[in-house]
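Biologist: Before we begin, may I ask you to justify each term as you use it? I should like to see every value set against its definition.

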Amino acid sequence: MDSMDSALIQMLLEGVRDTLYMTVLSTFFAYVLGFPIAIALVMFRKGGLAPSPVAYRVIDFITNILRSIPFLILMILVIPITKFIVGISYGSTATVVPLVIAAAPFVGRLIESSLLEVDSGVIEAAMSMGASKAAIVFKVMIPEAKTSLITGATIALATILGYSAMAGAVGGGGLGDIAIRYGYMRYQTDMMIITVVLLVLLVQILQSIGTLIAKKTDKRNRN
């Protein structure tokens with residue numbers, strides 16, 4: 001019985017590890033892709049730093065299309081791409097590929113929203129001093145939107161963690177895979193409850209950390 005309990009604990013710990021691995025790595029690459037998307041949307045929009053209706057519509061359309069595809073369907077659609085990049089189509093590392101593709105447009109929208117919250121007066125002041133468009137984006141808008149960006153990153157982490165759990169339905173690994181294989185296929189309700197509790201705890205921990213960091217960086221909370 002002790003050996004069975006030990007094996008169960010080991011499996012759950014590995015599930016937590018794999019879930020965090022997929023979530024953190026996917027979030028990182030989603031931001032690598034999401035930032036250029038957001039900056040392009042902010043600059044090309046009407047009234048932006050470099051208005052371009054055609055470019056804006058194209059990027060906006062592609063972003064909306066990718067966001068509207070259900071994750072499980074997207075995961076199946078990009079199997080050839082996943083195999084090309086990592087060599088296999090299942091497991092934690094393979095799941096990172098569809099997670100990034102699914103999350104990048106979502107992250108791009110979060111970043112876009114944060115950048116658009118920046119006071120237009122601050123941007124106009126930078127323009128009046130002759131700041132370049134790149135300087136306005138990277139030295140004015142992003143620093144001014146720092147708190148909102150951190151809050152958005154917290155939301156992104158929680159959302160991507162949820163996506164990673166869904167990936168368990170097609171052999172994605174992590175806690176979602178354990179929930180499907182044991183809780184659903186083997187009718188072990190206790191395993192399903194345990195994995196759900198662990199997923200909820202992970203989300204709460206990530207959100208608490210993100211909220212704490214956001215409060216630390218919020219200028220309004222400083223005396």
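**Terms and evidence**

Biologist: Why is Ser 114 called buried?

Modeller: The relative accessible area of Ser 114 is 4%. A residue is buried under 20%, exposed over 50%, and partly exposed in between, with a 1.4 Å probe and only protein chains counted. Ser 114 therefore falls in the buried class. Please note that this is a predicted model, in which local features need pLDDT of at least 70 and side-chain atom pairs count only at pLDDT 80 or more, while totals for chains, interfaces and linings use all residues. Residues are numbered from 1 along each chain as its sequence is written, and side-chain values use heavy atoms, leaving out hydrogens and water.

Biologist: How much of the protein chain is buried?

Modeller: Of its 223 residues, 42% are buried.

Biologist: What makes up the protein chain, helices or strands?

Modeller: It has ten helices and zero strands, where helices (H or I, at least four residues) and strands (E, at least two) are DSSP runs numbered from the N terminus. In sequence order the pattern is α-α-α-α-α-α-α-α-α-α. Along the principal axes, the C-alpha atoms occupy a box of roughly 75 × 45 × 25 Å.

Biologist: Which class suits Leu 8 and Ile 62, and how do you know?

Modeller: Leu 8, in helix α1, has a relative accessible area of 28%. Ile 62, in helix α2 (residues 53-68), has 45%. Neither value is under the lower cut-off or over the upper one, so Leu 8 and Ile 62 are partly exposed. In space, the C-alpha atoms of Ile 62 and Leu 13 are 38 Å apart, with their positions 49 residues apart in sequence.

Biologist: What makes Arg 17 and Asp 18 a salt bridge?

Modeller: Side chains of opposite charge can pair when their charged atoms come close. The term requires a side-chain nitrogen of Lys or Arg within 4 Å of a carboxyl oxygen of Asp or Glu. The closest N and O atoms of Arg 17 and Asp 18 are 3.1 Å apart, so the pair meets the definition. Asp 18 is buried at 18%, whereas Arg 17 is exposed at 51%. The structure holds five salt bridges.

Biologist: How do you know that Glu 112 and Arg 45 form a salt bridge?

Modeller: Their N-to-O distance is 3.1 Å, and the pair therefore satisfies the limit for a salt bridge. The pair links distant parts of the chain, since Glu 112 lies in helix α5 and Arg 45 in the loop between α1 (2-44) and α2, 67 residues apart. Glu 112 is buried at 6%, while Arg 45 is partly exposed at 24%.

Biologist: Which residue in helix α5 also pairs with Glu 112?

Modeller: Arg 109 does, with its closest N and O atoms 2.9 Å from those of Glu 112. The two lie three residues apart in helix α5, about one turn of the helix, and both are buried. Salt bridges with shared partners join Arg 45, Asp 60, Arg 109 and Glu 112 into one network.

Biologist: Why is α4 called oblique to α5?

Modeller: Two packed helices are described by the angle between their axes and the distance between the axes. Axes are lines fitted to C-alpha atoms, for helices over the stretch in contact, and angles run from 0 to 180 degrees between N-to-C directions. Helix α4 (residues 79-86) packs against helix α5 (residues 92-116) at about 125 degrees, with the axes 9 Å apart. Angles under 35 degrees are roughly parallel, over 145 roughly antiparallel, 65 to 115 roughly perpendicular, and the rest oblique. The value lies in none of the three named ranges, so the pair is oblique.

Biologist: What makes the patch that includes Phe 84 a nonpolar one?

Modeller: A patch takes residues with over 30% relative accessible area and no salt bridge, joining like charges within 9 Å and nonpolar side chains (Val, Leu, Ile, Met, Phe, Trp, Tyr) within 5 Å. This patch of about 640 Å² is made by Ile 81, Phe 84, Ile 85, Val 86, Ile 88 and Tyr 90, so its members belong to the nonpolar types. Areas come from the Shrake-Rupley method with a 1.4 Å probe, and for residues only the protein chains shown count as cover. Phe 84, in helix α4, is exposed at 74%.
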